[in-house]
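This briefing addresses selected local features of one structural model. The sequence and coordinates are shown below, followed by notes grouped by topic.

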Amino acid sequence: MDFAQYKETFAEEATKVGYSNQNINHCLDYAEVLFLNNVPVIYDSSHLSLLVGYKKEYLKKAALYTKYFYRNFEITKKNGKKRAISEPLPSLKEIQHWILKNILYKTPISPFAKAYKPHVTILENLRFHKNQLKVFTLDLVDFFPSIKIESVEQIFLGIGYSKSISNLLSQLCTKDGFLPQGAPTSPYLSNLIFKETDEAISEYCKQHKIRYTRYADDLSFSGNFDEKKLLQKVTENIQKIGFKINVEKTKLMRQNMRQTVTGIVVNDKPQVVFHKRNKLRQAMYYIMKFGIDEHREYKEIDQVHFLEHLLGKINFVLQINPKDYEFIRYKSFLLDLKEKQKARMIKTELLLM
């Protein structure tokens, strides 16, 4: 339905229930902006309730008492430190997925943002930084927790939603006033919030012939430039929206060094760093020689889905270099092993019946 059809239908139905011409025009002015932005028209919480398929009372509770609608746990980062994850309960997650698909994905982000975009792989972030004189990478501290609910509300207001709906949507996408790491809406919202900053940084980079991309909280620059002046300019821009640079993770990599972007070597062609590839090689050598169960027992690996974990890592290597025949062979072996395990489980279940 285009806006002309919507306007005619809405005016007709609104007149039947007693809306004044002033009220009808007010509603249509509001709806027209949302139509132009290709997002759903939402007038109030009752309307949103019908769209997402949950009662209005549930939406209000999820918005007001956010901490009760998340499961909190920690995962270990590469440096051994813990990262707090807040995963929404299935019902709230379903609502967030609706917001993501129907509203957020309809709103464009900066072309310099390379993460959390549908149908875009990490290779899109790497290809700009191959064979450069310098690669300079920066990391932001507490990326998602640094984004407050006020910034999220401004995104929905900017799309065209009313103050009350923008507030409700922002509450449904935040926990305790911040973006939770674990909600499906958080990554794309972070891109939208960073959009103006991406543009400001990229403008400076264009003027100085610097290549710039951002993959979530990893900012990458390459070319031939004054890194001190660049760092100063970037710091000024990110501080305006409440972010800080993690000084410990700031790296300058010259052409005679191993240059990495988001953990991938970019000197010649994109390649997963050697020590990670070698670790996978060693694991696969022992698994192929002695068996996966024997390898897990020897290494004291208690990971429940260890086979799937290995497949994920090998798939990542192949995503970066699809023609790596060594890892194609490893993937084929693990897929065959997975099928054998599945067949063995089915046979066991039949014997127990």
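Beyond the neighbours within four places in sequence, the contacts of S220 are H129, F136, T137, R211, Y212, T213 and V261. These notes rest on a predicted model. They cover the setting of S220, the two sides of a helix, and a sheet of three strands.

**Setting of S220**
- S220 belongs to strand β5, which spans residues 218-223.
- With a relative accessible area of 1%, S220 is buried, because the cut-off for that class is under 20%.
- One of the contacts of S220 outside its local sequence is V261, and strand β7 covers residues 260-261.

**Helix α4**
- Helix α4 comprises residues 56-64, and L59, A62 and A63 are buried in it.
- Viewed down the helix axis, the buried residues of α4 fall within an arc of 100°, so they line one face of the helix.
- The other side of α4 carries the exposed residues E57, K61 and L64.
- Among the elements covering the buried residues of α4 are α3 (45-52), α5 (90-102) and α8 (163-172).

**Sheet β7-β8-β9**
- The open sheet consists of three strands in the order β7-β8-β9, with antiparallel pairing.
- The edges are occupied by β7 (260-261) and β9 (271-272); each has a single partner strand, so one side of each is left without a neighbour in the sheet.
- Strand β8 (residues 264-265) runs antiparallel to β7 and is joined to β7 by two bridges.
- T260 has V265 in β8 as its bridge partner.

Note on methods. Residues numbered from 1 in each chain as written. Predicted model: local features only at pLDDT ≥ 70, side-chain atom pairs only at ≥ 80, totals over all residues. Heavy atoms only, no water. Helix = DSSP H or I, 4+ residues; strand = E, 2+ residues; numbered from the N terminus. Buried < 20%, exposed > 50% of the residue type's maximum accessible area, 1.4 Å probe, protein only. Contact = heavy atoms within 4.5 Å. Arc of directions from axis to C-beta. Pairing = 2+ DSSP bridges.
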